[in-house]
Each structure stands twice: as C-alpha cells, then as structure tokens.
Amino acid sequence: MAIPRQLPNAITIARIPLAIVFFVLLLLAGTNGATDLAMRWVAGALFVLAISTDWVDGYLARKHEIVSDFGKLWDPIADKLLTGAGFLGLAILGEVSWWIVVVILIREWGITVHRLMIVHEHVVAAAWMGKIKTTVQGIALGWALLPLHVWIGMPVWTVVTLILMIAALVLTVLSGIDYIVAQVRGRRSTA
C-alpha cells in the first residue's frame, strides 16, 4: 500500500505544535507548588505520543523509500524542540537539576545551529549514536513526566529519574562529541 510522499514530513512537523501544547500543559500541571495529577498525566501522555512519532515518521520514510533532505533536517529539530520542552519544563518545576538541562540544551542547540549553518553544503542526517541518545532522552523524559510515583513511591521514582537523566546526559555529550569528530573528519576528507 502506497502512502502519500509527504506523510513522514507531516508527522515530523506535527511534533512542533505538540511540543508547545505539551509544554504549556506541563507547566499548568505544576503551578503554585501543587501538582494537578490529571493534567500531569495528560502532559506526560502527550509527550510519549509525540516522541513516539519520531519512530513512525522514520520508519515510513525508510520503508517506502521516501527519505527526504527536509525530513533529515527537520526530524532532529522537531525532536529537540520536544525534548527541550520536556527538560526545560522539568527544570522550571524543580524536578531536574538546571545544570543537567543546561548541558543538554547547549549540546542540542549547538549541533542544530551547526546543521542549519551547513545546510547549503549538505544535510547531516542523525547518526546512530544520536538516535540512541534521542531514544534514551525520550525514555528518561517519559519516566520523569508521567506521575508514576503515585504507584511506586517517590523515593524509587526519584532514584530512577536521576539514573535515567544521567544516562541521557552522558549519551547527549558523547553523541555531541561523535558529531563533532565526524564533521571534522568529513571536512578533512573533502579538503
């Protein structure tokens, strides 16, 4: 069965408004020092749904051989907007340390700015390590955003959240180093 050629790109672009709606719901769920659990569940579920579309659009594009430069460029940007909104929201709510969020966001947006600067030369698709990083970030954020502590208790939830956030941080830094090394090697080989 053939799918419309623009479907993967439309799914990618849909993550951008979903990121905004998710961010607003997350902040509204945690205002005034109290947490609205129902809204937090909705915000967390919306994040999980939105981050899951990252797999769907890539799968459809590869399966139907409709991978595009647009998708290669905008897919990671949409991911970074969504995960960035998650990290930033959790930091604002005091649930994740600001230093972790700052390091992650500097790496994420530094690479994105570089990709946009060189787009006229070539489009840099996400490498395998970047894909693993995004998956781990999605898992860490999904865990931290869903109010699972109501079932497993705050101490366990807090420890698991910290472990997942450190794993996301380490992979974010390592994939950033991998990206820089690959770009330097690529420039040397074309010089």
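This section describes a helix–helix contact, a nonpolar surface patch and the salt bridges of a predicted model.

Helix H3, which spans residues 69-92, and helix H5, which spans residues 128-145, have axes that come within 10 Å and cross at roughly 40°. The crossing of H3 past H5 is left-handed. On the H3 side, the contact is formed by Asp 79, Lys 80, Thr 83, Gly 86, Phe 87 and Leu 90. H5 contributes Lys 133, Thr 134, Gln 137, Leu 141, Ala 144 and Leu 145. By residue class, the contact of H3 with H5 comprises five nonpolar, four polar and three charged residues.

A nonpolar patch of about 730 Å² is present on the surface. Its members are Trp 99, Val 103, Leu 162, Ile 166, Val 170, Val 173, Leu 174, Ile 177 and Val 181. At least two residues of the patch come from each of helix H4 (98-117) and helix H7 (154-190). The largest contribution is that of H7, which supplies seven residues; Ile 166 is located in this helix, H7.

Side chains of opposite charge can pair when their charged atoms come close. With a nitrogen-to-oxygen cut-off of 4 Å, seven salt bridges are counted in the model. One salt bridge joins the side chains of Asp 54 and Arg 15, with an N to O distance of 3.6 Å. Asp 54 belongs to helix H2 (residues 37-63) and Arg 15 to helix H1 (residues 7-29), so this pair ties together parts that lie 39 residues apart in sequence.

Notes. Residues are numbered from 1 along each chain as its sequence is written. This is a predicted model: local features need pLDDT of at least 70, side-chain atom pairs count only at pLDDT 80 or more; totals for chains, interfaces and linings use all residues. Side-chain values use heavy atoms; hydrogens and water are left out. Axes are lines fitted to C-alpha atoms, for helices over the stretch in contact, and angles run from 0 to 180 degrees between N-to-C directions. Helices (H or I, at least four residues) and strands (E, at least two) are DSSP runs, numbered from the N terminus. A crossing is left-handed if the near helix is turned anticlockwise from the far one by less than a right angle, and right-handed if clockwise. Contact means heavy atoms within 4.5 Å. Ala, Val, Leu, Ile, Met, Phe, Trp, Tyr, Cys and Pro count as nonpolar, Asp, Glu, Lys and Arg as charged, and the others, Gly among them, as polar. Patches are made of residues with over 30% relative accessible area and no salt bridge: like charges are joined within 9 Å, nonpolar side chains (Val, Leu, Ile, Met, Phe, Trp, Tyr) within 5 Å. Accessible areas come from the Shrake-Rupley method with a 1.4 Å probe; for residues, only the protein chains shown count as cover.
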